[in-house]
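Let's take a walk through this fold, starting with how burial is judged and ending with the charged pairs. Keep the viewer open as you read.

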Amino acid sequence: MIAKLLKAGFNAHGVRRDAPYDVGVDLGNGRHCRIEVKGCMQARHGRFYFRFVRGNPRTGTGTYPYSDNDFDITALVALPHERALFVAGVPKRSIRLTTADFLRPGAELQSWIHALNVFNHKQH
């Protein structure tokens with residue numbers, strides 16, 4: 001994810017392991033955007049399903065929902081296609097996307113620009 005954002009000209013970087021998000025982006029003028037990355041290994045019936053919970057069910061703390069302020073943008077990655085789509089905000093439970101959604105020409109950059117515009121609008 002960081003490489004995709006760097007290639008698009010954004011100053012992206014990893015964050016601490018215990019942070020509620022995975023990638024930080026320095027937007028300049030002291031502004032930062034926090035991105036949570038969710039990946040899916042394979043489609044089921046032509047759809048990729050992404051669940052939004054924190055934690056690990058195999059640990060003593062289990063899983064729990066994200067809060068509305070944990071991150072600013074969600075990156076949804078279809079791992080077999082090495083493609084990402086971006087959504088503004090913290091989704092409530094889950095998102096379902098089709099393979100065609102990820103393979104649409106220009107979808108990665110268009111979804112990033114849209115999510116970033118929503119984020120910027122909320123900041124003002």
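A residue counts as buried when its relative accessible area is under 20%, as exposed when that area is over 50%, and as partly exposed in between. Keep that cut-off handy, because at 1% relative accessibility Phe-48 falls on the buried side. One caveat before going further: what you have on screen is a predicted model.

Phe-48 belongs to strand β4 (residues 47-51), a strand with two unlike faces. Phe-48 and Phe-50 make up the covered face, while Arg-47, Tyr-49 and Arg-51 sit on the uncovered one. The partner of β4 is strand β9 (residues 94-98), and the two pair in the antiparallel sense over five bridges. If you want a spot to check that register, look at Arg-51, which stands opposite Ser-94 in β9.

Now for the rings. A pair of aromatic rings is described by the distance of the centres and the angle of the planes. How many aromatic pairs are there by this rule? The count comes to five. One of them joins Phe-48 to Phe-102: the ring centres are 5.4 Å apart and the planes stand at 75°, so the pair is edge-to-face. Along the chain these two are distant, since Phe-48 is in strand β4 and Phe-102 is in helix α2 (residues 99-103), 54 residues apart. Phe-102 is buried, with a relative accessible area of 0%. Another edge-to-face pair is formed by Phe-86 and Trp-112, with 5.1 Å from centre to centre and 65° between the planes. This pair also links distant parts of the chain, with Phe-86 in strand β8 and Trp-112 in helix α3, 26 residues apart. Both Phe-86 and Trp-112 are buried. Ring pairs also bring in Phe-10, giving a cluster of Phe-10, Phe-86 and Trp-112.

Strand β8 and helix α3 lead us to the sheet. Which strands form it, and in what order? The sheet is an open one of five strands, running β1-β2-β3-β7-β8 with mixed pairing. Its edges are β1 (11-14) and β8, each of which pairs on one side only. Ignoring direction, neighbouring strands here are turned by 30° against each other on average. At the β1 end, four bridges join β1 to strand β2 (residues 23-28), and the two run antiparallel. Within that pairing, Gly-14 stands opposite Val-23 in β2. Helix α3 packs on the sheet and touches β2, β3, β7 and β8, its direction making about 20° with that of β8.

That leaves the charges. Side chains of opposite charge can pair when their charged atoms come close. Counting salt bridges gives six. In one of them Glu-108 meets Lys-4, with the closest N and O atoms 2.9 Å apart. Glu-108 lies in helix α3 (residues 107-123) and Lys-4 in helix α1 (residues 2-7), so this contact ties together parts that are 104 residues apart in sequence. Are the two ends of this bridge buried or exposed? Glu-108 is buried, with a relative accessible area of 19%, whereas Lys-4 is partly exposed at 34%.

Glu-108 has a further partner in Arg-83, where the closest N and O atoms are 3.5 Å apart. Because Arg-83 lies in strand β8 (residues 83-88) and Glu-108 in helix α3, this bridge ties together parts that are 25 residues apart in sequence. Arg-83 counts as buried at 19% relative accessibility. Put the two bridges together and you get a network linking Lys-4, Arg-83 and Glu-108.

Elsewhere, Asp-72 and Arg-34 meet in a salt bridge of 3.0 Å, N to O. Asp-72 is in the loop between β6 (62-64) and β7 (73-78) and Arg-34 is in strand β3 (residues 31-40), 38 residues apart. Asp-72 counts as buried at 16% relative accessibility, and Arg-34 as partly exposed at 24%.

Last stop, the cysteines. How many disulfides does a search of the whole structure find? Zero. Cys-33 is buried, with a relative accessible area of 1%, and Cys-40 also counts as buried, at 11%.

How values were computed
Residues are numbered from 1 along each chain as its sequence is written. This is a predicted model: local features need pLDDT of at least 70, side-chain atom pairs count only at pLDDT 80 or more; totals for chains, interfaces and linings use all residues. Side-chain values use heavy atoms; hydrogens and water are left out. A disulfide is a pair of cysteine sulfur atoms within 2.5 Å. Buried means under 20% relative accessible area, exposed over 50%, partly exposed in between (1.4 Å probe, protein chains only). A salt bridge is a side-chain nitrogen of Lys or Arg within 4 Å of a carboxyl oxygen of Asp or Glu. Two strands pair if DSSP finds at least two bridges between them. Axes are lines fitted to C-alpha atoms, for helices over the stretch in contact, and angles run from 0 to 180 degrees between N-to-C directions. Contact means heavy atoms within 4.5 Å. Rings of Phe, Tyr and Trp (its six-membered ring) pair if their centres lie within 6.5 Å; planes under 30 degrees apart count as stacked, over 60 as edge-to-face and the rest as tilted.
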